Amino acid sequence: MLNRIILRGGFYGALIFFIVFSTAPFYVMLITMFKRGHDLFNPNNNPFFFNEPITLEHLDLLFTQTLYTKFLLNTFLVGISVVAITIIFAVPAALSLARMAGRWGENLGIGIFLTYLIPPTLLFIPLSRVVSTLGLQNSLWSLILVYPTFTVPFCTWLLMSFFKSIPREIEEQALIDGCSRIDAFFKILLPISIPGIITVIVFTFTLVAHEYIYALAFIQDSGKKTIGIGMTTELVRGDVFYWGALMGGALIASIPVAILYTLFLDRIISGLSMGTAKR
């Protein structure tokens, strides 16, 4: 009985610790967003509570003195475009490699994944040359062109393992029933692979929203910046950090991603677990 109480207490204690650890950044962002400047920078004030009346001055700065809403819109447009490109290329590539006989397809898939591991700091110089040659400097099209270079390899490798977990007999039975390979893909394999595709969509959109190096290298105009670079370049002016606006912008931008993960959490877990079930 005592051991059960100790184990249960340890379990709930660890659970509470991880909940507090996970929610602490959001609490800090929320409280900082509404704190007055004097309250923020006074070292004698408790940083985790309101020591003075709340204020909306930071939100006013964020929405009226910066192009924050434009940053969000640009991020959404780039994210949706990159997700579409990634799905169009990664799904057929992964299916083809997963169905290849022998180790040649497996080795090629690993080679594709290895390109994802190349640091972006090594690639943005040659990629900037490509962007310049195509005349896409200071344009959202440069990001839409560049981002798939690292989303497609990883998503192809991820979907390869997922397609390998789908029994080949299902596809063969569809072919026996008169379906062509295209029909079998759209009517049989694609519906089954929805969890894996949702995993790829969430991963790709999150990666695009958080990417910084390429956006910093290719975009200069404020009206064309994405959320990651827009906030850090517009709200950090010299040695002045507008912490209230920065925290407010980060919290607002994180809400859609949090909702996305919450809504599709079971599908994401299903996609990842099925993708590793028969590795």
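Visitor: In the structure above, is Asn138 buried or exposed, and why?

Guide: This is a predicted model, and the word rests on a cut-off, since buried means under 20% relative accessible area. Asn138 has a relative accessible area of 15%, and therefore counts as buried.

Visitor: Where does Asn138 lie, and what is its phi?

Guide: Asn138 sits in the loop that runs between α6 (120-133) and α7 (140-146). Its phi is positive, at about 55 degrees, although Asn138 is not a glycine.

Visitor: How should I read the opposite end of the accessibility scale, and is Phe11 buried or exposed?

Guide: A residue is called exposed when its relative accessible area is over 50%. Phe11 is exposed because its value is 52%, and its place is in helix α1, which spans residues 2-33. Phe11 also belongs to a nonpolar surface patch of about 590 Å², which it makes together with Tyr12, Leu15, Ile16, Ile19 and Val20.

Visitor: How many salt bridges does a search of the whole structure find?

Guide: To call a salt bridge, one looks for a side-chain nitrogen of Lys or Arg within 4 Å of a carboxyl oxygen of Asp or Glu. A search of the whole structure finds two. One joins the side chains of Asp39 and Lys35, at 3.9 Å from N to O, and the other joins those of Glu234 and Lys225, at 3.2 Å from N to O.

Visitor: Are Asp39 and Lys35 buried or exposed, and why does Glu234 get the label it has?

Guide: Both Asp39 and Lys35 are buried. Glu234 counts as buried because its relative accessibility is 19%, and its partner Lys225, at 8% relative accessibility, counts as buried too.

Visitor: Turning to pockets, how much space lies in the largest pocket, and which residues are closest to its centre?

Guide: A pocket can be read by its volume and then by its lining. The largest pocket holds about 530 Å³ of space; of the 20 residues that line it, Ala209, Ile227, Ala253, Ser254 and Val257 are the closest to its centre.

Visitor: Which helices supply the lining of the largest pocket, and what classes of residue does that lining have?

Guide: At least two lining residues come from each of α4 (68-98), α11 (194-210), α13 (227-234) and α14 (243-263), and α14 gives the most, with nine residues. By class, the lining of the largest pocket has 15 nonpolar residues and five polar ones, with no charged residues.

Visitor: How much space lies in the second largest pocket, and which residues line it?

Guide: The second largest pocket has about 240 Å³ of space, and its lining consists of Pro92, Leu95, Ser96, Arg99, Glu171, Arg181, Ile182, Phe185, Phe186 and Leu189. Both α4 and α10 (181-192) supply at least two residues of this lining, with α10 giving the most, namely five. By class, the lining of the second largest pocket has six nonpolar residues, one polar residue and three charged residues.

Visitor: Helix α4 also holds Ala90; is Ala90 buried or exposed, and why?

Guide: Ala90 has a relative accessible area of 0%, so it is buried.

Visitor: How far apart are Ala90 and Asp60, in sequence and in space?

Guide: Separation can be read along the chain or through space. Ala90 and Asp60 are 30 residues apart in sequence, whereas their C-alpha atoms are 42 Å apart in space.

How values were computed. Residues numbered from 1 in each chain as written. Predicted model: local features only at pLDDT ≥ 70, side-chain atom pairs only at ≥ 80, totals over all residues. Heavy atoms only, no water. 1 Å grid on protein atoms, 1.4 Å probe; cavity = no way out; pocket = protein on both sides within 12 Å on 5 of 7 lines; lining within 4 Å. Points joined across faces, edges and corners; volume = space filled by probe spheres on them. Helix = DSSP H or I, 4+ residues; strand = E, 2+ residues; numbered from the N terminus. Nonpolar A, V, L, I, M, F, W, Y, C, P; charged D, E, K, R; others polar. Patch = residues over 30% accessible without salt bridge, like charges linked within 9 Å, V, L, I, M, F, W, Y side chains within 5 Å. Areas by Shrake-Rupley, 256 points an atom, 1.4 Å probe, with all protein chains shown as cover. Buried < 20%, exposed > 50% of the residue type's maximum accessible area, 1.4 Å probe, protein only.
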